[in-house]
Amino acid sequence: MAAAGTAAGPAGPEPMPSYAQLVQRGWGSALAAARGCADCGWGLARRGLAEHAHLAPPELLLLALGALGWTALRSAATARLFRPLAKRCRLQPRDAAKMPESAWKFLFYLGAWSYSAYLLFGTDYPFFHDPPSVFYDWTPGMAVPRDIAAAYLLQGSFYGHSIYATLYMDAWRKDSVVMLIHHVVTLVLIVSSYAFRYHNVGILVLFLHDISDVQLEFTKLNVYFKSRGGSHHRLHALAADLGCLSFSVSWFWFRLYWFPLKVLYATCHCSLRSVPDIPFYFFFNALLLLLTLMNLYWFLYIVAFAAKVLTGQVRELKDVREYDAAEAQSPKPSKAEKPLRNGLVKDKRF
């Protein structure tokens, strides 16, 4: 059985490392953990699951029911709220078809990110300012605070719904396969981190990722609303431009700067200091590294879009992941939202 976490951390928060320190210390800790694992293999994995995984069947059932609930709620909101709103605002047909997806995601991610921000800055949790503290006092099967458990149920059920939505409800894009992989990885991380009681670091991961989705969908909505009713609306055009700029900056800052230097440093290096035999160390860090690679992949779309704008190839905001009308193809279009292509640069995350 793994040792329990330390009773307390250092006297003050540890300074955030540089990229070089992350690579040096993280790689060194991983190598030391690999050399020190005398009985690594399926046997150890099975024992780890039996001793440290705590996930009751009612919790899984609640997660599944939540995913079904999100799907039903989205269908109802699309039919009774988003489509009538698009019709009332006289959006262009292609924009009216895509608006419900962006409106749905904007409302969810705004609420989810706001709640994560409340947990990190409106309570006594020190995880953002002191990321290594996510492993202080860790013990197998420790109780999950109700406020964090609520966030996990909210996010886990939504990503269960998102797997279905990517296949049957969302517009099919050039990166939809990667998006589907992202949703699966995210759901596995959420469920497994809850089961192994790594919920503290999970809240930090969600906070650092959801903000980009809020800005993305906000920008896309303003793109759709700037040309409506047969006229051009400058306020929406300005909001779309500012949203695109803030989205690009925040994607790098939150996902490619704070995420590796706060989360990966804590999970790769600091976790072994607090819990020397921490269960499934390589499994969780491999998934988090995969998440980082996907963040880099989507950042390339952002860079490609910015390059086209700077070289004059693009004059209006457009989702470079989406197919042109001539090549558009959706293997499983939904009745709720037909996959007409256009928009802005999109994301995704744990």
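1. Secondary structure first. The protein chain has 9 helices and 2 strands, and keep in mind while reading on that this is a predicted model. Going from the N terminus, the order of elements is α-α-α-α-α-α-α-β-β-α-α, which puts the two strands after α7 and ahead of α8.

2. Some chain-wide numbers. Of the 350 residues in the protein chain, 50% are buried. Among contacts with a separation of 6 or more, 84% are between residues 24 or more positions apart. The exposed surface of the chain comes to about 16,400 Å², and carbon and sulfur atoms supply 67% of that area.

3. Now the internal voids. How many cavities of 30 Å³ or more does a search of the whole structure find? The search turns up 3. The largest cavity holds about 160 Å³ of space. It is lined by 17 residues, and those closest to its centre are Tyr198, Val201, Thr267, Phe284 and Leu288.

4. Who builds that lining, and what is its character? Helices α6 (176-195), α7 (199-225), α8 (234-274) and α9 (281-310) each put in at least two residues. The largest share, 4 residues, belongs to α9. By residue class, the lining of the largest cavity splits into 12 nonpolar and 5 polar, with no charged residues.

5. Two aspartates are worth a look if you care about charged groups away from solvent. Asp170 sits in the loop between α5 (146-168) and α6. Its relative accessibility is 9%, so Asp170 counts as buried, the cut-off being under 20%. What does the side chain of Asp170 make a polar contact with? The partner is the side chain of Lys105, at 3.2 Å.

6. The other one, Asp210, is in helix α7. Here the relative accessibility is 0%, and Asp210 is therefore classed as buried. The side chain of Asp210 has a polar contact with the side chain of Gln155, at 2.7 Å.

7. Staying on α7, Ser212 is also part of that helix. Is Ser212 buried or exposed? It is buried, because its relative accessible area is 0%. Leaving out residues up to four places away in sequence, Ser212 touches Phe247, Ser250, Trp251 and Arg255. There is a long sequence jump here too: Ser212 and Tyr109 are 103 residues apart in sequence, yet their C-alpha atoms are 9.0 Å apart in space.

8. Backbone check, part one. Arg197 is not a glycine but has a positive phi of about 65°. You'll find Arg197 in the loop between α6 and α7. With 11% relative accessibility, Arg197 counts as buried.

9. Backbone check, part two. Phe280 also has a positive phi, about 55°, without being a glycine. Where is Phe280 placed? Phe280 is in the loop between α8 and α9. Its relative accessible area is 21%, so Phe280 goes down as partly exposed, since the buried class needs a value under 20%.

10. To pull the threads together: the lining of the largest cavity draws on α6, α7, α8 and α9. The two positive-phi residues discussed above are in loops between these helices, with Arg197 between α6 and α7 and Phe280 between α8 and α9. Helix α7 also carries Asp210 and Ser212.

Notes. Residues are numbered from 1 along each chain as its sequence is written. This is a predicted model: local features need pLDDT of at least 70, side-chain atom pairs count only at pLDDT 80 or more; totals for chains, interfaces and linings use all residues. Side-chain values use heavy atoms; hydrogens and water are left out. On a 1 Å grid over the protein atoms alone, a cavity is a set of points where a 1.4 Å probe fits but cannot get out, and a pocket is an open set with protein on both sides within 12 Å along at least five of seven lines; lining residues have an atom within 4 Å of a point. Grid points are joined across faces, edges and corners, and a volume is the space filled by probe spheres set on the points. Ala, Val, Leu, Ile, Met, Phe, Trp, Tyr, Cys and Pro count as nonpolar, Asp, Glu, Lys and Arg as charged, and the others, Gly among them, as polar. Buried means under 20% relative accessible area, exposed over 50%, partly exposed in between (1.4 Å probe, protein chains only). Contact means heavy atoms within 4.5 Å. Accessible areas come from the Shrake-Rupley method with a 1.4 Å probe; for residues, only the protein chains shown count as cover. A polar contact is a pair of N or O atoms within 3.5 Å; within protein, one must be able to donate a hydrogen and the other to accept it, and residues adjacent in sequence count only if both atoms are side-chain atoms.
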